[in-house]
Amino acid sequence: MEKRIELEKRGRNNNEIKELILDNCRSTSIEGLTDEFTALETLSMINVGLKSLKNFPKLQNLKKLELSDNRVSNGLSTLIECPKLTHLNLSGNAIKDFDELKCLSKLENLEDLDLFNNEVTSTENYREELFKMLPKLKYLDGFDKKDREPEEGDEDDEERRNGEDDGEGEDEDGNDEEGEDGEDEDELDESSEYDEDDENDISLAEVYNEELEEDNSDWNEEGGDEEEDDIEDEGSDDDEAGGEGGAKTGASDAEDDEESARGKKRKLED
């Protein structure tokens, strides 16, 4: 147990530790746990193998003690030195009669006691007698005097008592962790999903536009080639027509020159 305590301390001083979990470390008695743990509020020693609570330290701020699945049968009187204790779990131990439990009546703040799977629970009028013995007790083995489970408000109060000193559930400004920031994160997540959808839509449109552009470019190239061919054909036809016209004009001019020359010759002969 001493080695486990040193590991759980992680270099911190004894008076700085508020929670100590020693579950499943093997020891038949309390060792290494001293009165120096003045800030300790939660102590868990489940399935350790303890037979007695002898040498249990004076822990003035201890509120929650978990001792289930051990072999404890005596020594509960040492818990009187833990006046702020509100939750005590002794289920699965070896407590046989009420005599060993009478000392718990001195714990004025004890509200929740669990003795499930102890021999004492088979005693006649077990629940009635124990609630009489411990008048401040609210819940025994998970149920109140009327066999009702803890209400939500009571559970919240207990959690708040256990976490208020550690600032659980609040940030530096005293706001709940799941407050506005959490809502903003949800909104951001939703907007990111919308953005992803928009990006997908845009990408599809771009692909569609690219396909249209490719089709248009193919059509333009084919149409342009045909137009150029038509223009070239028309140009060649014009050139041929012009050539034929020029040839005809040249022939008529030559004939006129010959006739004029003949006319002059006739005049000279006359």
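No disulfides are counted in this predicted model. A disulfide is a covalent bond between the sulfur atoms of two cysteines. The criterion applied is a pair of cysteine sulfur atoms within 2.5 Å, and by this rule the count is zero. Two cysteines were examined for burial. Cys-82 is buried, with a relative accessible area of 0%. Cys-103 also counts as buried, at 14% relative accessibility. Both assignments follow because buried means under 20% relative accessible area.

Helix α1 spans residues 2-9. Its buried residues are Ile-5, Glu-8 and Lys-9. Seen down the axis of α1, these buried residues fall within an arc of 105°, so they line one face of the helix. That buried side packs against β1, residues 19-21. The face turned away from it carries Lys-3 and Leu-7, both of which are exposed. The backbone changes character at the end of the element. Arg-10, just after α1, takes a positive phi of about 55°.

The loop between β4 and β5 holds two buried residues of interest. Asn-93 is found in this loop, as is Phe-98. The flanking strands are β4 at 87-89 and β5 at 112-114.

Asn-93 has a relative accessible area of 9%, so it is buried. A polar atom of its side chain lies 2.9 Å from the backbone oxygen of Leu-67. Leu-67 is also among the contacts of Asn-93 once neighbours within four places in sequence are set aside. Further partners under that exclusion are Ser-68, Asp-69, Asn-70, Arg-71 and Val-72. Asn-117 and Asn-118 are in contact with Asn-93 as well.

Phe-98 is buried too, with a relative accessible area of 15%. This value places Phe-98 in the buried class because the cut-off is under 20%. Residues up to four places away in sequence are again not counted in its contacts. On that basis Phe-98 touches Val-120, Thr-123 and Tyr-126. Glu-129, Leu-130 and Met-133 are also touched by Phe-98. For one of these partners, Thr-123, a backbone separation is available. The C-alpha atoms of Phe-98 and Thr-123 are separated by 8.9 Å. Along the chain, these two residues are 25 residues apart.

How values were computed
Residues numbered from 1 in each chain as written. Predicted model: local features only at pLDDT ≥ 70, side-chain atom pairs only at ≥ 80, totals over all residues. Heavy atoms only, no water. Helix = DSSP H or I, 4+ residues; strand = E, 2+ residues; numbered from the N terminus. Buried < 20%, exposed > 50% of the residue type's maximum accessible area, 1.4 Å probe, protein only. Contact = heavy atoms within 4.5 Å. Arc of directions from axis to C-beta. Polar contact = N/O pair within 3.5 Å; in protein donor to acceptor, adjacent residues only side chain to side chain.
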